Amino acid sequence: MSDAKLCWLDIRDAGPATAAVVEEALHQKIDGVVAADPAVFDGLPPTVKKILLFEDGQVPADLGAADLVVVPGGKEARAELALAHPDVEFGRYVEIIDADSLEDACLSARLEAWSVLRFRDPTKIPLEIVIAAASGAPGSIITTAADQEEAEIVYGVLELGSDGVLMPGSHVGDATALRTAATSRSGEISLVELTVTAATHIGMGDRACVDTTTHFRKDEGILVGSHSKGMVLCVSETHPLPYMPTRPFRVNAGALHSYTVSQGGRTNYLSELHAGSTVLAVDVAGRTRPVSVGRVKIETRPLISIDAVAPNGQAVNLILQDDWHVRVLGPGASVLNSTELKPGDTILGHLPTADRHVGYPINEFCLEK
């Protein structure tokens with residue numbers, strides 16, 4: 001299995017929309033276009049993989065410009081085809097309907113360069129079994145998905161996910177949906193070192209604890225800030241405390257007016273998060289992953305205001321619960337108690353480049369103080 005997440009678009013049922021769907025696929029840099037007629041590959045650039053899929057195993061004599069042909073059966077069953085077309089790759093198609101076909105899928109994942117898998121039942125446990133069976137194998141597993149929602153799940157099964165997803169592309173918009181599913185799982189965000197300039201006790205206010213449905217790692221948290229152009233990396237309660245158990249799912253994030261980052265570069269106020277919302281977990285290297293919110297606890301507590309400045313002069317502010325067990329992350333994954341921060345200390349943060357309108361980035365004048 002590989003780390004890269006592949007996007008294959010199945011245009012076999014696109015009909016009159018085929019040309020438009022293919023054009024969108026190229027624009028979205030879809031990795032592979034799957035067809036049953038090699039004629040649709042005419043004019044496609046070498047940057048996209050041209051794949052013929054024949055679920056019934058009936059392969060035409062002319063494969064056109066195809067790079068890869070996927071059919072049922074093992075290598076013995078297609079030995080003649082491979083001999084007749086030495087410049088074409090071949091992969092195996094498996095439909096999983098029972099224990100025997102699941103074993104076939106596991107075997108394919110271990111031995112084949114390309115395995116295209118279709119699971120009849122909605123449970124993802126068989127896919128988990130195949131992914132586990134293929135651990136360390138050099139081939140790639142491409143799993144079919146009916147739509148973007150299922151594609152996102154397939155990309156994340158067992159955290160590793162399938163190497164790629166094959167999704168129907170019948171209409172304009174499908175290629176974009178597939179690409180969104182592939183990129184929504186993870187990515188990177190640029191972090192900077194901020195220098196603390198002041199820490200001020202400001203009295204009582206409402207703060208929000210964000211409880212997620214995942215375990216945070218010790219070098220991970222969420223970005224929170226009073227302004228949309230400057231945020232601080234707040235650590236989860238993964239690290240031990242003397243008077244209370246660890247809560248590795250929780251970030252004591254800040255005052256309820258604060259921004260946090262969600263998917264696609266959008267921001268949300270902490271006050272508008274709720275069970276089922278999505279926020280972005282970020283580690284000290286800037287690696288990100290979307291995590292689901294299970295609960296938000298908003299309670300009245302004493303607050304402390306932390307002011308900092310970025311290397312470019314950008315001012316950053318974060319208002320937190322005024323208690324030493326509420327912490328932020330510094331360089332090298334150092335864990336810093338918020339009440340012990342003092343001018344000159346270094347903390348990690350992020351500087352979004354755009355202003356915000358209802359959470360979306362927008363290029364307009366906006367002054368935040």
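Seven residues make a handy starting point here: V235, S236, E237, N252, H325, V326 and R327 line the largest cavity. Keep in mind as you browse that this is a predicted model. Beyond the cavity, there is a closed barrel of eight strands to explore, along with a pair of helices, α3 and α4, whose axes cross at roughly 35°.

**The cavity**
- The count comes to one cavity of 30 Å³ or more.
- The volume of the largest cavity is about 40 Å³.
- Sorted by class, its lining has two nonpolar, three polar and two charged residues.

**The barrel**
- Its eight strands run in the order β1-β2-β3-β4-β5-β6-β7-β8, and the pairing is parallel.
- From one strand to the next, the twist averages 25°.
- Strands β7 (residues 140–144) and β8 (residues 164–168) run parallel and are joined by three bridges.
- If you would like a spot to zoom in on, T143 has V165 in β8 as its bridge partner.
- Helix α4 (residues 125–133) packs on the sheet, where it touches β5 (89–96), β6 (114–119) and β7.
- The direction of α4 makes about 160° with that of β6.

**Helix α3 against helix α4**
- Helix α3 covers residues 99–111, and its axis comes within 8 Å of the α4 axis.
- The crossing of these two helices is right-handed.
- On the α3 side, L102, A105, C106, A109 and R110 take part in the contact, meeting P126, I129, V130 and A133 of α4.
- By class, this contact has eight nonpolar residues, no polar ones and one charged residue.

Key. Residues are numbered from 1 along each chain as its sequence is written. This is a predicted model: local features need pLDDT of at least 70, side-chain atom pairs count only at pLDDT 80 or more; totals for chains, interfaces and linings use all residues. Side-chain values use heavy atoms; hydrogens and water are left out. Two strands pair if DSSP finds at least two bridges between them. Helices (H or I, at least four residues) and strands (E, at least two) are DSSP runs, numbered from the N terminus. Axes are lines fitted to C-alpha atoms, for helices over the stretch in contact, and angles run from 0 to 180 degrees between N-to-C directions. Contact means heavy atoms within 4.5 Å. On a 1 Å grid over the protein atoms alone, a cavity is a set of points where a 1.4 Å probe fits but cannot get out, and a pocket is an open set with protein on both sides within 12 Å along at least five of seven lines; lining residues have an atom within 4 Å of a point. Grid points are joined across faces, edges and corners, and a volume is the space filled by probe spheres set on the points. Ala, Val, Leu, Ile, Met, Phe, Trp, Tyr, Cys and Pro count as nonpolar, Asp, Glu, Lys and Arg as charged, and the others, Gly among them, as polar. A crossing is left-handed if the near helix is turned anticlockwise from the far one by less than a right angle, and right-handed if clockwise.
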